[in-house]
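Thank you all for making time this morning. I would like to walk through one structure with you, slowly, and I will try to say at each step which part of the chain we are looking at.

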Amino acid sequence: MRLIKKRIVLHFPGFEPLDGVAHRARYERSARQSSAVWGYSLEVGTPDGSDPLSFEVTTGGAARGAPEMAPGAAGEAAPGAAGEAAPGAAGAAPGEEPAPATWQTKSRIHMVDHDMFVRRLRSGNTLSQIVAGFRSCAQIMLEGGMRGYFRHAWRFGLFFLFPFLLTALAIALTAQIAVAPYSLGFSLWHMLWSGPLALCFFIFAFLPFSERFHTLHLFADWQMAVALGRMHRADFNDWLEDRATAVRKALDEEADEYVISSHSMGSNVAAHVIGILLEREPEIFKGKRVVFASLGSAILQCALLSSASLLRARVGLIARCPEISWLDVQCLTDSINFYKVPVVAVCGHVDARPAKMILIRVKQMLTREHYRKIRKDQLRVHRQYVLGPDLKASFDFTLMTSGPMPASAFAYPERDRLPA
């Protein structure tokens, strides 16, 4: 298998209050974990100040079991090597270039974050955030989103309902405390103390408790889902056009492979941005080797809204682009993704090439103690797609985006993740 020497990565992070600098720091921490587990060398460069923020990652190492070779003989086949690689092995197949004794890969990572919108949606006071959140909940229900969630992935439907049901219960309990004196037959004057008591319960008891479940953050997430589905907000639409222009410049650089990776809500941003580029230039990827990797994808979070016709159309453009290999990485224990759901077909493109599903298990990436510590925190489990591993596993985000093997090799769990 021909190894990757130079790669361009466009990464679209999920809905988190992290800017490009913070995402780069997370990438470096995760990459160092990966390099320690797999035993390869790693160098993460400093950000260059571009927009989107970008930095270079250099990985390298020796092929496992590589024979001693004379100076200058790197890249030649080992004497007596079999003429045909075993099926699924990372060794050279007939007509392919054999793996060298040593390898080095340089990857230019571009972080296309949407932190500005996360902060904007969280910038209002608590009351305005709650009102806006329930408004988005109603819009999603009216547009058939909730019905689609329970039809295709009932656990995602529960994820949708949870913060709204929790907050509605707290509001009902707050109201009950406020009217308790009247309910017990006391004078309405007693509400002069029960009202403030109810307010104190909501502010000082419920809100701190709800932050353990990131309730207001999830309210903002659903506001963004409506915006990316309806495409009715000029600020979002203009920003997507601007990101498409910036990504277009990044694609001008020559590379062996182009990886467009996206996590969670970032998959919707990526689908819009890449769709815009394909609308402008249908042949933009001609002659390029492109992998679109959606990790814990939330495309259907927006695409199942009846008004999301533009997003669904752009999903079709990506699926039908012959140069793009779409890998949809899913996890059974992650409730915040559409497990085993064919995203392309559900978006209405049953005749298009489907995304290749890659099913992973978080518990196989972490030690037993580590997994036991995080397994009840669904948002933490959902982030594991882009975090470093404790153990060698079939999926590793750093190796997919900065390793020597083509990203498409991760579609086959039996293949090696480093040169054999």
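What you see here is a predicted model, and the mean pLDDT of its chain is 91, with 91% of the residues reaching 70 or more. There is, however, a stretch to treat with care, since over residues 67–94 the pLDDT is below 50, and beyond near neighbours in sequence this stretch has 23 contacts in the model.

Let me begin with the sheet. It is an open sheet of 8 strands, and if you read across it the order is β2-β3-β4-β1-β5-β6-β7-β8, with mixed pairing. Which strands are at the edges? They are β2, residues 41–44, and β8, residues 356–360, each of which pairs on one side only. From one strand to the next, the twist averages 20 degrees. For those of you who are new to this, strands of a sheet pair through backbone hydrogen bonds, and they may do so in a parallel or an antiparallel way.

Staying at the β2 edge, we find that β2 and β3, the latter covering residues 53–62, run antiparallel and are joined by 4 bridges, and that V44 stands opposite V57 in β3. Helix α1, residues 20–38, lies across β2, β3 and β4, and runs at about 5 degrees to β3.

The loop between β2 and β3 is where P52 is placed, and the peptide bond that leads from D51 to P52 is cis, with omega near 5 degrees. A second backbone detail belongs to H214, in the loop between α6 and α7, where phi is near 55 degrees, a positive value in a residue other than glycine. As background to both details, most peptide bonds are trans, and most residues other than glycine have a negative phi.

Now to the helices, and to three pairs of them. Helix α4, residues 145–152, packs against helix α5, residues 154–183, at an angle of about 140 degrees, with the axes 5 Å apart, and this angle makes α4 oblique to α5. On the α4 side the contact is made by M146, Y149, F150 and H152, while α5 brings residues including W154, F156 and L161. By class, that contact has 8 nonpolar, 2 polar and no charged residues.

How do the axes of α5 and α6 cross? They come within 7 Å and cross at roughly 160 degrees, and therefore α5 counts as roughly antiparallel to α6, the cut-off for that description being an angle over 145. The crossing in which α5 passes α6 is right-handed. Among the residues in contact are L166, A170 and I177 of α5, and W193, F201 and F209 of α6, and the contact as a whole has 16 nonpolar, 4 polar and no charged residues.

The last pair is α9, residues 266–280, with α11, residues 309–320, which pack at an angle of about 70 degrees with their axes 8 Å apart, so that α9 is roughly perpendicular to α11. Their crossing is left-handed. The contact includes H272, I276 and E279 from α9, and L311, R314 and L317 from α11. What does this contact hold by class? There are 8 nonpolar, 3 polar and 2 charged residues in the contact of α9 with α11.

Note on methods: Residues numbered from 1 in each chain as written. Predicted model: local features only at pLDDT ≥ 70, side-chain atom pairs only at ≥ 80, totals over all residues. Heavy atoms only, no water. Pairing = 2+ DSSP bridges. Helix = DSSP H or I, 4+ residues; strand = E, 2+ residues; numbered from the N terminus. Axes fitted to C-alpha atoms, helices over the stretch in contact; angles between N-to-C directions. Contact = heavy atoms within 4.5 Å. Parallel < 35°, antiparallel > 145°, perpendicular 65-115°, else oblique. Left-handed = near helix turned anticlockwise from the far one by under 90°. Nonpolar A, V, L, I, M, F, W, Y, C, P; charged D, E, K, R; others polar. pLDDT = per-residue confidence, 0-100.
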